[in-house]
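Biologist: Mind walking me through this one? I'd like to hear how the chains pack and meet.

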Number of protein chains: 4
Amino acid sequence: MSKKLWGGRFEKETDALVEKFTSSIEFDKKLYNQDIIGSMAHARMLAKTGIISKEDAALIINGLLEIKLEIEEGNFEFTSNLEDIHMHIENRLTEKIGPVAGKLHTARSRNDQVALDMHLYVKEKTAQVIKLLDNMCASLLKLSEKHADTLMPGYTHLQRAQPVTLGYHLKAYYYMFERDKERFLDAEKRSDIMPLGACALAGTTLPVDKEYTKELLGFSKIYENTMDAVSDRDFVIEFLSCASILMVHLSRISEEIILWTSSEFDFAELDDAFATGSSIMPQKKNPDVLELIRGKSGRVFGNLMAMLTVMKGLPLAYNRDMQEDKEALFDTAETICSCLEILPKVLLSMKFKKENMAKSVEDSFADATYYAEYLVKKGMPFRQAHEVVGKMVKYCIKKNKKLKDLSIMELKSFANAFESELNFDKATVVNNS
Amino acid sequence: MSKKLWGGRFEKETDALVEKFTSSIEFDKKLYNQDIIGSMAHARMLAKTGIISKEDAALIINGLLEIKLEIEEGNFEFTSNLEDIHMHIENRLTEKIGPVAGKLHTARSRNDQVALDMHLYVKEKTAQVIKLLDNMCASLLKLSEKHADTLMPGYTHLQRAQPVTLGYHLKAYYYMFERDKERFLDAEKRSDIMPLGACALAGTTLPVDKEYTKELLGFSKIYENTMDAVSDRDFVIEFLSCASILMVHLSRISEEIILWTSSEFDFAELDDAFATGSSIMPQKKNPDVLELIRGKSGRVFGNLMAMLTVMKGLPLAYNRDMQEDKEALFDTAETICSCLEILPKVLLSMKFKKENMAKSVEDSFADATYYAEYLVKKGMPFRQAHEVVGKMVKYCIKKNKKLKDLSIMELKSFANAFESELNFDKATVVNNS
Amino acid sequence: MSKKLWGGRFEKETDALVEKFTSSIEFDKKLYNQDIIGSMAHARMLAKTGIISKEDAALIINGLLEIKLEIEEGNFEFTSNLEDIHMHIENRLTEKIGPVAGKLHTARSRNDQVALDMHLYVKEKTAQVIKLLDNMCASLLKLSEKHADTLMPGYTHLQRAQPVTLGYHLKAYYYMFERDKERFLDAEKRSDIMPLGACALAGTTLPVDKEYTKELLGFSKIYENTMDAVSDRDFVIEFLSCASILMVHLSRISEEIILWTSSEFDFAELDDAFATGSSIMPQKKNPDVLELIRGKSGRVFGNLMAMLTVMKGLPLAYNRDMQEDKEALFDTAETICSCLEILPKVLLSMKFKKENMAKSVEDSFADATYYAEYLVKKGMPFRQAHEVVGKMVKYCIKKNKKLKDLSIMELKSFANAFESELNFDKATVVNNS
Amino acid sequence: MSKKLWGGRFEKETDALVEKFTSSIEFDKKLYNQDIIGSMAHARMLAKTGIISKEDAALIINGLLEIKLEIEEGNFEFTSNLEDIHMHIENRLTEKIGPVAGKLHTARSRNDQVALDMHLYVKEKTAQVIKLLDNMCASLLKLSEKHADTLMPGYTHLQRAQPVTLGYHLKAYYYMFERDKERFLDAEKRSDIMPLGACALAGTTLPVDKEYTKELLGFSKIYENTMDAVSDRDFVIEFLSCASILMVHLSRISEEIILWTSSEFDFAELDDAFATGSSIMPQKKNPDVLELIRGKSGRVFGNLMAMLTVMKGLPLAYNRDMQEDKEALFDTAETICSCLEILPKVLLSMKFKKENMAKSVEDSFADATYYAEYLVKKGMPFRQAHEVVGKMVKYCIKKNKKLKDLSIMELKSFANAFESELNFDKATVVNNS
């Protein structure tokens, strides 16, 4: 049972069950770096403003750096007796430098401290996600260029509709991920605000210099309102929203590759290194990675829903419900980063079966629109052109022909406007030039 | 049973149940204006590029304007025989101007047409929401200034923590709604892209001039990729995300007012015009409006979850699942607009009971932090200062006194650093100056 | 502006915006029948217990029956001046029978009245859903029997794994829907509880006879606790949960048929009456109905999330937030009923392409497991048997053979345990006998 | 890099990133006990049917028991080289007893194995939850009896409405938790089905005896369809649904206690052992435990939403997406168990401030309904009685009196039907007798 800061008046020890129930160290230890960086900046500010002495600040900062090293080298003991990462670090600092450690907490409360850690974490993860999205976009662009001429059927309703190129198809995803980048960048503006100095909720009468701390920590802005600063988790929810939309895209492209690598589509084959197999059916390559990416959309949507629920209807300012923000955020950040890390490798290592795709275009009447637009260009009203080509397709089905097999005589029997046999070729297909 | 465009080859009529099941006219008629505006721009572009004649375009545009008027004057017949708003308008146009109506659909498909309508709708609603948020912020600012000196307890964990002013408290919400505005503005960039010209999924070989249509319709950008254009609903989801975060804020401020107008808090009273009553307990004023706002967060979160689910794992390009985007979007847009419309009126008409708030501050030891910071300023380490004031509070509770009642003798018995009796006053309270 | 029941003391009229914002008539008019049935039972109880006279009760009941008729014949005027269905009916009753109408509301409040209506609605819809599920199960059973011998590949990871029969595959869904039935039946126990008599929240001191009302209305139980009675919406959430799991099943079977009717799978063809087409590609049959069913899962999940959010953290007893229960429930009930109504027709009218399915089994090595189990039966350890058959499959791929083409010599070269050529036949396939 | 079972044909090692991405050992090790119990039963069945020898089975079972002990004593090495708990145990078994370990996997696949583990886990957790709910109900009943006569205001819209007793109020929660129990018991029927024997998806041609395994493992039923058996996660979703409804109840009662322990309500005080404090404001007791319970509703709703999303639209049979079921389930089970464990202790240790509750009843006009019903009993129509009492309340407010202070003269001035002064007393209040 740990000594509590508020122990003085309470007549009973906190129940062990309460300690366990409210403890967050198991997950918030991920924030150790943010917490130490934040504390160092705070100590420097306290010294600069004369709230504590320069010597005390130096002792504190030195101690914090040592603790950081201990954690990173695995020499730091995490214990369930201390409920969170803040208490762990404060406690260790006291062991190291004695009571002066207590001065670090001047003009700060856990409410603004944890808000700061969360902001730093979101900023860091946002930067990481954007970098990974850059790589994803670059990979798609590369693939897209490589397959600028690879014909494949474009689908609507999972029915072959019109020919496109693989490059063009993949580039649709490029644009989705570009939007994701934009969206994370926009969201970043709302995580890039410093909450430190808000203290418990109402700031402090001590002469803090928030501007200085802001500079040290690399923030662009400071919260204008301290109650807002400690009770705002919008930036967490917005990160989860951006992540959810990103997962929609990731699940969509995964679904496509799962389809393409099925025996039925047979448009592509996964690289051995990125597939899993079956001991008995060596021809089988299971797209586990893509199924997992698709499935992980659920986890991220769930995290978003969780945080919206947590924050719904909470009065100002800090409420302990907000501790629930961490696991949802960490899990989401790690999920999207791992998906973004692995997917480009899957894509770049895949083998696309151009001949199967091309055959699939041929087998369909995916070129029908091309014929209709030919007639429109010759002056035929649109609805009529559609009707004519519809009849041509029916004729071909009956005769077991393709549209391009039709002779000029046959074409003219449908519409006099046809002036020559048409050779649908990929030059007419949308492409990513 | 309606004649279908594809009726030619199908050997059976569409089942009546299918017609009913797939029909969207009951809700997509809300898009009539967007649909007509989009069609007029399309017709002008077709004429400009010579795809249709200027005369045909004039006929079409005139017909569309007449239809718009018919709808707005209630003279338009909606029927379950025509499945959606596009068919209704096309059908009526054909009645009016004959087969030339069919030319309007050159180089366009319902896939890009409905995408356009949705973009126009989102853009319009975003503008409306931003205007309403402006008004909300202005109202909060006004109230906030009026109550810049109204003391009240600031809460953490719904326990009185430190004194703040009502103005400052309300201003925390001002900043939340300011962020909402920013967020909708950022989202707008991703709805402000024109999908027209994408046709079914692969564009057209006809010489369309998307740049011209874009200008006519007031868009900033054109979709670079046609498959993306018809299968993108990111802008809908992002609108729903922004709306969900907004509803978090609305539910939070509603919860606060529900608390404040309870007999127990008694910090405020709703205006008669914005409360509901009880026939038997005339003293009772129920905050129904605020309860409904709080509850409506569920609806909006649900709509967001709905659209994320719909889009999860959909392969390119258009799939009929996407028709489900409309009700979720319309319901959300209408919900947030109505909440934003009514809440400022509730707030501005409320009566705040300053004396009760002030008494509540006095009754608490919300000024304890002030005493602790006094000691810190006198050089006492932070943790020690807290301990000292903790003892003072215990002493006061026992003696049934307030901190400010303590004599200098009493103060000095706790810490010699006290140099005079302290008069906590509102000058030390955070405020919105 | 309508006269309010509580108008006496309020000094101002209710704001028009409030009336609109709080009004529920647009959606709760769906409850007219439940409301009238509930009121008739209540009136009979009031008469039986002597709280009102038999004559008054007769007048009231007669009036209510007339109103029911008016509504059903479209002769009832709904107006936005009266906020909900209860006020509409009370108001009309007063028009018809004068002040005696007011006696109907003795020992009843809108809180228990609306709870009753919701219970009646859920009970009715549950019965309807179960009936539709019965039909769904019967249809699947019928199809399943018809295709008891239709071979097809069974998939894992969307990769062909082992042969199954179409009948067996479809029967997996039969069991899912059977569980859905069970689940709705179980849920029904918790909607089958009568809340009437709870009044506003604390019951009444009038000598009501809840047992009698319960019998009249066909409930099995009465709420033991009146505060629970008016604040319980568990039965709504549970209905939405059951509906969500049902939508998972519906989305899964829809996805399968969308796959099966793609050109790539080509296992089945939709009936003309249950597909939609394209004006230009007459061979195309779009599975819009199935896509919509798949997409409607989002709407139902969203409704569930909405109601969980609404109820989260609400103190007892009635809060206006609960008015939000209606649209989520009605929309869900109507959605699942319409999906369950149409899907069996789609399934029963589809044409399955047995030869394509059979060929697909042949083309794969879906029979590999059969060979491995043969070896296990001959005494070979399982892991070794798998390894041997793995080698056989590799050999076949190289030689472009099927497993069943292997001669006894070839078989023995892999494992001496083979005693004859094996003829994998469908007798060994799992089936639904 | 681990040797893969399917390694034979693949030409490349699995990428390290894939191993990490697909690995589940970090969370599925929680299933070790279920996995071993399932394997022991499977081995006994294999021996009973003669598929393997009794000696082999004995070796296997012995080995498994040793592994179980190793894990429970912390002597088992978990490594990221083996992707899941099944591989860990199989691998260790092979180390212990050699190749005979491979026989355990006869007539079993990881698909039915993991399904079994999940069923066993859900059954076990359901039993635990029900036991905890029993305790919760017993605690509420106890408290409820203790406070059968403790008057307090009953609220609607968070406005005092009518007097109730604390016992009665608490008992409303008793009934909610009773329904939760029922709901989990009903759900249990659908987790109590054995999937073993389904193998990968299509069962086996080996002569397994599912009935025997079922008996050994204590299941009531066997899956009728093997494809259903490996692809069913309904029982997980249903557990999450039940958990979500339970969390609604837990969040509601938590909200009430948070309100009651605020200074404004001051109806109750948390025990020191179940509150957290502030170092500087010793009078402050923060209800962290209750805030966390309220907040944890988000996590559970999110998990439900996650699993619905994962399963939406998945074709049969096993897909790797389903691996995502575990963390959502484990987290939910642990969350609800810990909430149910701690809340009764919080409740039973709280001190209720009867005098404050009673005063609160007195201060309100919560007895107005009682007066109105008195008049109704004297024959006055209901609406009129309400109007009369409404006037009486207004009179009292003006005169600063309570209703019960009114003399018979005063009463008669409002309605002649009053025959004596009324003494509203708690006998007339709803209670839990």
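Biologist: Which residues have the most contacts inside the largest nonpolar core?

Modeller: Keep in mind that this is a predicted model. The largest nonpolar core has 576 residues. Those with the most contacts inside it are A:W260, B:W260, C:W260 and D:W260.

Biologist: Take D:W260, then: which residues does D:W260 touch, not counting residues up to four places away in sequence?

Modeller: With that sequence window left out, the list includes D:H169 and D:D266. The full set is D:M152, D:L166, D:H169, D:L170, D:F265, D:D266, D:F267, D:A268 and D:F352.

Biologist: On to the interfaces. How much area do chain B and chain A bury between them?

Modeller: In contact terms, 90 residues of chain B meet 90 residues of chain A. Carbon and sulfur atoms carry 59% of the buried area. On the chain B side, B:R252, B:L316 and B:R383 lose the most area to chain A, together 9% of what that side buries. The buried area comes to about 7,700 Å².

Biologist: And how many salt bridges are there between chain B and chain A?

Modeller: One salt bridge pairs the side chains of A:E182 and B:R190, at 3.0 Å from N to O. The interface also has 40 residue pairs in polar contact, both partners at pLDDT 80 or more. By class, the side of chain B that touches chain A splits into 38 nonpolar, 25 polar and 27 charged residues. The salt bridge count is 18.

Biologist: Now chain B against chain D: which element gives the most to the side of chain B that touches chain D?

Modeller: Here 42 residues of chain B contact 42 residues of chain D, and the buried area is about 3,600 Å². There are 14 residue pairs in polar contact, both at pLDDT 80 or more. On chain B, β1, β2, α10, α11, α14 and α15 each supply at least two residues. With 6 residues, the top contributor is α15(B).

Biologist: What is the N to O distance in the salt bridge of B:E264 and D:R160?

Modeller: Chain B and chain D have 2 salt bridges between them. In this one the side chains of B:E264 and D:R160 meet, with N to O at 2.7 Å.

Biologist: Last one: is B:H86 buried or exposed?

Modeller: B:H86 sits in helix α5 of chain B, and its side chain makes a polar contact of 2.8 Å with that of B:D35. Beyond four places in sequence, B:H86 also contacts residues including B:R110 and B:D117. Its relative accessibility is 5%, and the cut-off is under 20%, so B:H86 counts as buried.

How values were computed: Residues are numbered from 1 along each chain as its sequence is written. Chains are lettered from A and ligands numbered from 1 in the order in which they are written. This is a predicted model: local features need pLDDT of at least 70, side-chain atom pairs count only at pLDDT 80 or more; totals for chains, interfaces and linings use all residues. Side-chain values use heavy atoms; hydrogens and water are left out. Contact means heavy atoms within 4.5 Å. Buried area is the accessible area (1.4 Å probe) that two parts lose on being put together, summed over both. A salt bridge is a side-chain nitrogen of Lys or Arg within 4 Å of a carboxyl oxygen of Asp or Glu. A polar contact is a pair of N or O atoms within 3.5 Å; within protein, one must be able to donate a hydrogen and the other to accept it, and residues adjacent in sequence count only if both atoms are side-chain atoms. Helices (H or I, at least four residues) and strands (E, at least two) are DSSP runs, numbered from the N terminus. A nonpolar core is a set of buried Ala, Val, Leu, Ile, Met, Phe, Trp, Tyr and Cys residues joined through side-chain atoms within 4.5 Å. Buried means under 20% relative accessible area, exposed over 50%, partly exposed in between (1.4 Å probe, protein chains only). Ala, Val, Leu, Ile, Met, Phe, Trp, Tyr, Cys and Pro count as nonpolar, Asp, Glu, Lys and Arg as charged, and the others, Gly among them, as polar.
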